[in-house]
Amino acid sequence: MSNTGKHVVIIGAGIAGLSAASYLLRNGYRVTLVEQHTQPGGLCTSWKRAGYTIDYCVHWLIGTREDSRLRHLWEELGAFTNKDGSLVPVVNFSDFATIGLSSGETIRLYSDLDALQKELIRIAREDERMIRRFCRSLGRLSKLDNPRTAPRHSLGSLFADLRDRVGVFITIMQHLEPMGTYARRFKSPVLREMLLSDIPEDWSLLSLTMGLSQQLTKSAGYTVGGSLNLARNIERGIHAMGGTLRYGTRVEEVIVGDNIATGIRLSDGSVIEADHVVSAADGYQTLFGMLGGRYLPKVLQRAYETYPLFPSTVFVALGVDRDCSDLPHGFSPYLDRPIELPDGTVHHRFSVNVYQYDPTLAPSGKTLVTVLMNTWEWNKWEVFREHDKKAYEKAKVHIAEEVIDRLEHAVGNIASHIDMIDVSTPHSVIRYTGNWQGSFEGFAPTKATLSRRLPKTLPGLRNFSMIGQWTTPAGGLPTAAMDGRDLAVRLCREDSVPFRASMS
Ligand SMILES: Cc1cc2nc3c(=O)[nH]c(=O)nc-3n(C[C@H](O)[C@H](O)[C@H](O)COP(=O)(O)OP(=O)(O)OC[C@H]3O[C@@H](n4cnc5c(N)ncnc54)[C@H](O)[C@@H]3O)c2cc1C
C-alpha cells in the first residue's frame, strides 16, 4: 500500500465519517476520527435498556440484495460481517407497511407488484388506470440497485443495462413531482389519504416510491442485529487498519490559516493538526459554528435559509413480554383519539415497528416494539427541557402512557405485557447527534432540493471537505456510506494515489 503520509481528521463517526475513515485508511492515509458521542453510528444507533436493545434507525437499507451494486459497497466496508465472522442476516417483508385510514379501512403496501396493484385497485377501483400506471413506474424504479443484467461482454446485455438505467433516470425525474399534486390526480379520497398519510404535500413522490420500489426486488431489507451493529462492524475494520478513534470528544472549531484548513480545536481547547479536515458532522454546526459562517457559497446559504427539513422524532420504545408474531411488522394505525404532544402537534397516526423478526433485540420470548411520531417543533422541546426538567420527564411518561393506550386499542394484548419503556425526544436527537433542529435525515426531498447538487467543498477554503446527509438532500445510510467512498476517491486522485477499494 502506498503511504501518502497525509493526516486526515474526520469530524463525526456517523456512517459517512466511518466510511470515509475506512476508505482513506486502506489508501495509505493516517486518519483520526473525532466523535462527540461515546460510540459510533450517529443517527444509525441503538441503545440498551432492561435487557432489550432499542433500535432507532434502520428500517430498510438499500443494498441488502446479495447481487446488487450497493451491497458491494456495504461489503467493502465490512458492514455486513459480524464480530464472530457471520454474515448479517437480512429480512425481507411481504409488505412495506400497513396503513390505517380514517374510514376504518386498512391498506397493505405489498412488496409484490401484482399483489400491490390488486390491493390498490380493491380500495380505489375508480382509479384503476392511474394505479396501473403508478405500478408500472414502480417496476421501472425497482431496477435502481439492480446488478448489470448479464455479463458485460454481450452487446445485448449492455443495451439492456443501459435501457434499465435510462428507465430508472426518467422515472426518478417523474417522481420528483410533489406528493400533493400527485395525490390529487387520484379520484379516490381513500387513496389520497393514504398517499399523504405520512408525507407532506411538497415532498416528492419519490419519498414514498424509493423505499416501496426497492421492496419489489428485495433490495431494501432489514439487517438483523440493528443499526449500531452495522456501525460497529465498520468500526472494527478502522481499528484493524490502525485508525485513531476519539470518542466523547467534541469539535468546536475548524482551524484555518491563509484560507487553508490546518486542523481542529476541541472543546477542551486542544488542537489536532491535519493535512485535510473532513466534516461528516451536522452541516449547520459545521458551516456556522466550526467555520463561523466565513465560507458560505450562495447555494448553501439558500439551502439553510429555504430548504425544508426532515422532521425530528418523538420515539417510544416498549419491551413487550410476549411473542408478537400475531402483529404486522410495520403498521400505522389511524387513531380515533389523536395524541397531542407537549409541543402542540396532534397525531392521528403513528408508525409502529414490531421487531419480532429480530430476536437479537429482545430477551427470549419477548419483543421490542417501537413507535415514531414526527415533529418539527424541536425548539419547544429544547426550551421545555432547559426550563423544567421534571415536567419534561413527566411528559415523557405521559406520552408513553398515551402510546400504550392507543396501541392497546389498535391491536390489543399489549398493555399488560409491557416490561420496558424508553422515550426519546427531539432534545435527545440534538444531544446525542448534534443534528440541526433534531432533523433525522437533513434536507427533505422536494423537487427543488433534489434538483440541485450541494457542494462538498467550500469556495476559498482549501484542504476542507464536507460529507454526509447534510450535503445530499434526502440523506439516508447509502448516501452517507457512498459519500465516504467518493471523498476517498477524490483525495486519492488529487494526491495521485491509485484508489484501492479492498481492505486487504
Ligand atoms: C429514526 C430514524 C430512522 C431512519 N431510518 C432509515 C432507514 O431505514 N434507512 C436509511 O437509509 N436511513 C434511515 N435513516 C437516516 C440515516 O440514519 C441518516 O441519514 C444517516 O445515518 C446519516 O449519517 P451521517 O453520517 O451523514 O450523519 P450522522 O449520523 O448525523 O453522524 C454525524 C456524527 O457527527 C457527530 N458530531 C456532530 N457534531 C459534532 C462535533 N461538534 N464534534 C464531534 N462530533 C460531532 C455526531 O455525534 C454524529 O455521530 C433514519 C434516521 C432516523 C433518525
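**Group meeting: a walk through the model**

Let's start with a small piece of sheet: strand 6 is joined by two bridges to strand 9, residues 220–223, and the two run antiparallel. If you want a specific pair to click on, V91 has Y222 in strand 9 as its bridge partner. Before I go on, keep in mind that this is a predicted model.

So where does that pair sit? The open sheet has three strands in the order 5-9-6, and the pairing is antiparallel. Strand 5 and strand 6, the latter being 90–91, are the edge strands, each pairing on one side only. As a reminder, strands of a sheet pair through backbone hydrogen bonds, either parallel or antiparallel.

For the parallel flavour, go to strand 1 and strand 2: five bridges join them, and they run parallel. There, V8 stands opposite V31 in strand 2. Four of the five residues of strand 2 are buried, so strand 2 is largely enclosed by the rest of the structure.

Okay, zooming out. The domain assignment splits the chain into domain 1 (7–49 + 60–66 + 227–307 + 441–494), domain 2 (95–217) and domain 3 (312–436). Domain 2 and domain 3 have their C-alpha centres 29 Å apart. They do touch: eight residues of domain 2 are in contact with seven residues of domain 3. On the domain 2 side of that contact you get three nonpolar residues, four polar and one charged.

Now my favourite element, helix 1. How many of its eleven residues would you guess are buried? Eleven of the eleven, across residues 15–25, so helix 1 is largely enclosed by the rest of the structure. The buried residues include I15, G17, S19, Y23 and L25. What do they pack against? On the strand side, there are strand 1 (7–11), strand 2 (30–34) and strand 14 (276–279). On the helix side, there are helix 2 (69–77), helix 9 (227–240) and helix 16 (477–494).

That leads straight into the core. The largest nonpolar core has 125 residues, and the members that touch the most other members are I10, A20, A21, L24 and V278. Helix 1 supplies the largest share of this core, eight residues. In soluble globular proteins, nonpolar side chains tend to be buried together. V278 is a nice one to centre your view on: leaving out residues up to four places away in sequence, V278 touches V8, I10, I11, A20, S465, I467 and L487.

Next, the ligand. It has 39 residues around it, and the closest are G12, G14, G42, G434 and G468. Helix 1 turns up again here: helix 1 and helix 16 are the elements that give two or more residues to the shell. By type, the shell is 19 nonpolar, 16 polar and four charged. Which domains each supply at least three residues to the shell? Domain 1 and domain 3.

A few single residues before I stop. First up is C57, in the loop between strand 4 (52–55) and strand 5 (61–62). C57 has 20 other C-beta atoms within 10 Å, so C57 is buried. Beyond its neighbours within four places in sequence, C57 is in contact with L43, C44, T45 and S227. And look at C57 with L228: they are 171 residues apart along the chain, but their C-alpha atoms are separated by 8.7 Å.

Then two backbone oddities to check in your viewer. Most residues other than glycine have a negative phi, and most peptide bonds are trans. A50 has a positive phi, near 45 degrees, and is not a glycine. A474 also has a positive phi, about 90 degrees, again without being a glycine. A50 lies in the loop between strand 3 (46–49) and strand 4, and A474 lies in the loop between strand 22 (464–466) and helix 16. Buried or exposed, then, for A50? A50 counts as exposed, because it has 11 C-beta neighbours inside 10 Å. A474 is buried, with 20 other C-beta atoms within 10 Å.

Last one: R165, in helix 5, residues 155–174. R165 has 14 C-beta neighbours inside 10 Å, so it counts as partly exposed. The C-alpha atoms of R165 and L141 are separated by 9.4 Å, with their places 24 residues apart along the chain.

Note on methods:
Residues are numbered from 1 along each chain as its sequence is written. This is a predicted model: local features need pLDDT of at least 70, side-chain atom pairs count only at pLDDT 80 or more; totals for chains, interfaces and linings use all residues. A residue is buried if 20 or more other C-beta atoms lie within 10 Å of its own, exposed if 12 or fewer, and partly exposed in between; C-beta atoms are placed from the backbone. Two residues are in contact if their C-beta atoms, placed from the backbone, lie within 7 Å. Two strands pair if DSSP finds at least two bridges between them. A residue is near a molecule or strand if its C-beta atom, placed from the backbone, lies within 6 Å of it. Ala, Val, Leu, Ile, Met, Phe, Trp, Tyr, Cys and Pro count as nonpolar, Asp, Glu, Lys and Arg as charged, and the others, Gly among them, as polar. Domain bounds come from an automatic or database domain assignment. A nonpolar core is a set of buried Ala, Val, Leu, Ile, Met, Phe, Trp, Tyr and Cys residues joined through C-beta atoms within 7 Å.
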